[in-house]
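Ready for a few short exercises? Have the viewer open, try each task yourself, and then walk through the worked solution.

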Amino acid sequence: MSERPNRQSARFPLEIRVEYRRLNAFIGDFTRDFSGRGFFVRTDNPLDLGTECLFTLQVPRLAEPITLNGVVRRVIRPGDADGEEAGMGVELVFDDEDERQALQKVVDSLMVDHLGAAMFGHMKKMRSQKSPG
């Protein structure tokens, strides 16, 4: 996974079921990667750039899904980019910093479960050295 130079926080590979509304239908897809500020959804039918939407995440280990407001900031349609997976990059919109930090704790916990504490810490350190923000 390549890091985009203007990204504010590093994303980590994390597959989570995400549901959102497209026209009059609910769509279910999966994230490819995730951070405390956004995620990338794998889909051949991304929403349009700039679309605001509620995204419902089926987070493992949580009794209830999490619904977050987001804006589509990047769209890759099938065949648009050399070797890049089709989908959409979503920037999450939070009411306040406490809400963002609460989600970041959930994401960090999932990554520790997925990769182990040592590997996650190593990846986080390496990516924070590469990220400008």
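## The aromatic cluster

In this predicted model, ring pairs join Y20, F34, F39 and F55 into a cluster.

**Exercise 1.** Work out whether the pair of F34 and F39 is stacked or edge-to-face, and do the same for F39 and F55.

*Solution.*
- Begin with the total: the structure holds three aromatic pairs.
- Now take F34 and F39, whose ring centres are 5.2 Å apart with 15° between the planes. Planes under 30 degrees apart count as stacked, and the pair of F34 and F39 is therefore stacked.
- Move on to F39 and F55, with centres 5.5 Å apart and planes at 85°. The cut-off for edge-to-face is over 60 degrees, so the pair of F39 and F55 is edge-to-face.
- Finally, place this second pair in the fold: F39 belongs to strand β4 and F55 to strand β5, so the contact ties together parts 16 residues apart in sequence.

**Exercise 2.** Decide whether F39 is buried or exposed, and find which residues it touches beyond its sequence neighbours.

*Solution.*
- Locate the residue first: F39 sits in strand β4, which spans residues 38-42.
- Check its accessibility next. Buried means under 20% relative accessible area; F39 has 0%, so F39 is buried. F34, at 1%, is buried as well, and F55 is also buried.
- Then list the contacts. Leaving out residues up to four places away in sequence, F39 touches R11, V18, T31, D33, F34, F55, M88, G89, V90 and L92.
- For one of these, look at the backbone: the C-alpha atoms of F39 and G89 are 5.9 Å apart, although 50 residues separate them along the chain.

## Strands and charges

**Exercise 3.** Trace how strand β5 pairs with β2 and with β6.

*Solution.*
- Strand β2 (residues 17-22) pairs with β5 (residues 52-58) in the antiparallel sense, over three bridges. Here R17 stands opposite Q58.
- Strand β6 (residues 66-76) also runs antiparallel to β5, this time over six bridges. Within this pairing, T67 in β6 is the bridge partner of T56.

**Exercise 4.** Find which parts of the chain are linked by the salt bridge of D48 and R77, and by that of R74 and E84.

*Solution.*
- The whole structure contains nine salt bridges.
- D48 and R77 meet at 3.2 Å, N to O. D48 is in the loop between β4 and β5 and R77 in the loop between β6 and β7, 29 residues apart. D48 is partly exposed at 48%, and R77 is partly exposed at 33%.
- R74 and E84 meet at 2.7 Å, N to O. R74 lies in strand β6 and E84 in the loop between β6 and β7, ten residues apart. E84 is partly exposed, at 34%.
- There is also a network of salt bridges, made up of E15, R32, D33, R42 and E85. One of its members, R32, has its charged end over the ring of F40, 3.9 Å from the centre.

**Exercise 5.** Find where in the chain the confidence is lowest and where it is highest.

*Solution.*
- Start from the average: the chain has a mean pLDDT of 84, and 86% of the residues score at least 70.
- Then compare elements. Helix α2 (residues 117-130) has the lowest confidence, with a mean of 72, while strand β7 (residues 87-93) has the highest, at 96.

Terms used: Residues are numbered from 1 along each chain as its sequence is written. This is a predicted model: local features need pLDDT of at least 70, side-chain atom pairs count only at pLDDT 80 or more; totals for chains, interfaces and linings use all residues. Side-chain values use heavy atoms; hydrogens and water are left out. Helices (H or I, at least four residues) and strands (E, at least two) are DSSP runs, numbered from the N terminus. Buried means under 20% relative accessible area, exposed over 50%, partly exposed in between (1.4 Å probe, protein chains only). Contact means heavy atoms within 4.5 Å. pLDDT is the predictor's confidence in each residue, from 0 to 100. Two strands pair if DSSP finds at least two bridges between them. A salt bridge is a side-chain nitrogen of Lys or Arg within 4 Å of a carboxyl oxygen of Asp or Glu. Rings of Phe, Tyr and Trp (its six-membered ring) pair if their centres lie within 6.5 Å; planes under 30 degrees apart count as stacked, over 60 as edge-to-face and the rest as tilted. A charge sits over a ring if NZ of Lys or CZ of Arg is within 6 Å of the ring centre and within 35 degrees of the ring normal.
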